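Subject: The structure we talked about

Hello,

Here is the structure I promised to pass on. Please have a look at it first, and then read my notes underneath.

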Amino acid sequence: MVFACTATAQTGYSSDPAAPELVRSTENDDVQVKLAVGPANSTYYAYFSNPGYDIMLDRLDVNGHSMWKSALVVEDRTLSSTVDYGVASDAAGNAYISYNGYAADGSTPTQKVASVSAAGAIRWTSVVYSAAGASLGNGRVAVASDGAVWGACSVGFDSAVQRFDSATGVATFATPIYIMETGAKQMCSGFQTSTDGAVILSTVRYTTTFSNKILRAHKILADGTRPLAAGGVAVATDGNLQTGNFPDFLSDGVGGAYFVWYTTSPLNCRAQHMDATGAMTWGANAVLVSSSTTGTFGGTTSTLNRTNPQAVVGSDGRLNVFYRGTSGSIAGIVWYGIAAQCFDTTGVAQWGDGAIVEPFAPSSGGVVYDKNIGAALKMSSGVGISYTNSLSAILTEARGAQMNLDGTVAWNTLLANDAGTKYRFASSTAVDGGANISWQGGVNAGGSDIFAAHISGTGVLGAPVAACIADLNGDHNIDGSDLTSVLSQWGTNGTADFSQNGNVGGEDLTILLSAWGACP
């Protein structure tokens with residue numbers, strides 16, 4: 001089949017918000033983009049595309065140009081709908097994707113992990129779980145501290161986990177580790193690494209459709225043993241997750257984890273820290289981003305709902321949580337805003353009732369249709385958030401903001417204001433202390449497209465400056481090692497092609513020498 005209107009990362013990161021980079025556009029749905037850090041300051045972009053929601057992967061260089069001839073079809077699927085999946089990368093520059101599909105017989109549901117090299121070649125594809133009639137979803141993947149690759153997924157109302165050799169894809173365990181509890185459901189939610197080759201799995205646990213849905217944490221060691229309680233450790237003892245919400249979490253870097261989620265009745269965001277032993281250190285019921293349940297909007301006091309949290313740990317070790325705020329109906333009008341909270345390492349809130357990222361505005365008079373959270377941004381100079389302002393159901397602008405340590409906004413930059421919707425954001429770190437941000441949306445009558453933007457650590461939209469582009473090994477210094485890389489690639493179209501003319505040569509050498517020294 002010929003796909004019309006196909007574009008794959010040819011324009012590069014744009015400095016014009018009216019014309020963001022179009023990573024993928026076909027007559028079909030191009031959806032659910034996820035990012036992972038690649039080698040030599042590149043970024044992996046994964047998404048679903050083509051009829052059947054094929055698993056796609058591309059590698060973009062520091063400027064946002066595809067480093068392969070075209071996006072790689074990791075697996076040609078024949079699905080009519082999608083579920084969540086996972087993407088990760090390792091220190092050697094390989095990418096890993098956990099996704100659902102079918103076995104070779106074309107009918108047995110199978111959860112897989114595929115490994116792709118930096119050159120765009122599939123290294124191996126292995127099975128996490130496979131069974132006739134199984135309902136699989138919430139694919140997750142993580143690269144452990146010992147280099148092993150782990151895959152996880154939900155199996156009906158239970159969860160399965162498997163460990164693989166990163167070089168060969170050979171499974172460690174003869175059968176997957178199965179997480180289940182008699183009389184309760186334990187569905188895969190988040191998946192991150194711990195220390196000493198271990199991983200942490202979070203599950204959404206509940207007993208009946210209308211019972212409270214509570215996060216549980218499970219730790220799995222490299223040998224497959226589980227040191228915590230068989231049913232996991234409760235991240236909180238009360239509250240109720242929104243039905244269908246399966247939040248991921250963050251590793252704390254020392255064997256534990258940070259969990260962030262929102263509950264119903266009332267709608268409010270919570271945060272919890274688990275240490276390496278499985279102990280919840282921020283109280284039995286976690287901490288709230290704000291204890292207040294009301295706010296003042298245009299002089300009227302109303303309920304204030306807080307939902308859709310996105311979290312990031314700053315270089316100072318504090319947990320930053322960004323969330324969507326909405327008022328109750330005030331004479332038929334709802335107010336929308338974007339806010340944030342910061343917690344120190346003991347779980348004490350640092351920004352009062354919450355810091356305002358994007359001021360609340362009413363949904364009347366064409367002021368705003370909606371505001372929503374995108375993806376949290378981890379930058380060398382601080383932390384931030386991408387989010388949207390919707391002027392109508394079909395016209396949305398995307399913005400990025402960075403916070404100061406005191407909760408004020410350091411900068412706020414327009415990322416994209418082209419026509420169309422913008423949602424399902426993803427992000428990754430970038431070479432100049434900034435972030436790469438991607439989303440799906442647009443105005444394509446056949447379905448969503450994939451877009452991308454780069455923003456520097458100072459809020460500048462567009463491709464990184466040459467000084468950072470020349471930092472080939474990502475050590476924030478332009479020196480002899482980068483020069484050696486340029487010379488070794490001379491005459492090729494490798495990563496040292498800073499000028500993007502298809503050939504590493506004198507022009508690229510000039511760019512490197514002019515940028516010699518420290519890089520932001």
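Let me start with one arginine. Arg318 is buried, with a relative accessible area of 15%. Please keep in mind throughout that this is a predicted model.

Arg318 sits in the loop that links strand 23 (300-313) to strand 24 (319-327). What does the side chain of Arg318 meet there? One of its polar atoms lies 2.8 Å from the backbone oxygen of Leu405. If you set aside the neighbours within four places in sequence, the residues in contact with Arg318 are Val312, Val313, Cys342, Phe343, Asp344, Gln350, Trp351 and Leu405. Leu405 thus appears in both descriptions, as a contact of Arg318 and as the residue whose backbone oxygen lies 2.8 Å from a polar atom of the arginine side chain.

Next, the aromatic rings. How many aromatic pairs does the structure hold? There are 13 aromatic pairs, and I picked out two of them for you.

One is formed by Trp124 and Phe164, a tilted pair with 6.0 Å from centre to centre and 40° between the planes. Trp124 belongs to strand 9 (residues 122-130) and Phe164 to strand 12 (residues 158-164), so this pair ties together parts that are 40 residues apart in sequence. Both Trp124 and Phe164 are buried. Tyr96 joins them, and Tyr96, Trp124 and Phe164 form one aromatic cluster.

The other is the pair of Phe249 and Phe259, also tilted, at 4.8 Å centre to centre and 35° between the planes. Here the parts that are tied together lie ten residues apart in sequence, because Phe249 is in strand 18 (residues 249-251) and Phe259 in strand 19 (residues 257-263). Are these two rings buried or exposed? Phe249 has a relative accessibility of 4%, so it counts as buried. Phe259 is buried as well, at 1% relative accessibility.

Finally, a look at the surface. Leu391, Ile394 and Leu395 make up a nonpolar patch there, and together they have about 290 Å² of accessible area. Leu395 is found in the loop between strand 28 (382-390) and strand 29 (396-403). With a relative accessible area of 34%, Leu395 is partly exposed, whereas Arg318, in a loop of its own, is buried at 15%.

Have fun with the structure, and do write back once you have been through it.

Best wishes

Notes: Residues numbered from 1 in each chain as written. Predicted model: local features only at pLDDT ≥ 70, side-chain atom pairs only at ≥ 80, totals over all residues. Heavy atoms only, no water. Patch = residues over 30% accessible without salt bridge, like charges linked within 9 Å, V, L, I, M, F, W, Y side chains within 5 Å. Areas by Shrake-Rupley, 256 points an atom, 1.4 Å probe, with all protein chains shown as cover. Salt bridge = Lys/Arg side-chain N within 4 Å of Asp/Glu carboxyl O. Helix = DSSP H or I, 4+ residues; strand = E, 2+ residues; numbered from the N terminus. Buried < 20%, exposed > 50% of the residue type's maximum accessible area, 1.4 Å probe, protein only. Polar contact = N/O pair within 3.5 Å; in protein donor to acceptor, adjacent residues only side chain to side chain. Contact = heavy atoms within 4.5 Å. Phe/Tyr/Trp six-rings, centres within 6.5 Å; stacked < 30°, edge-to-face > 60°.
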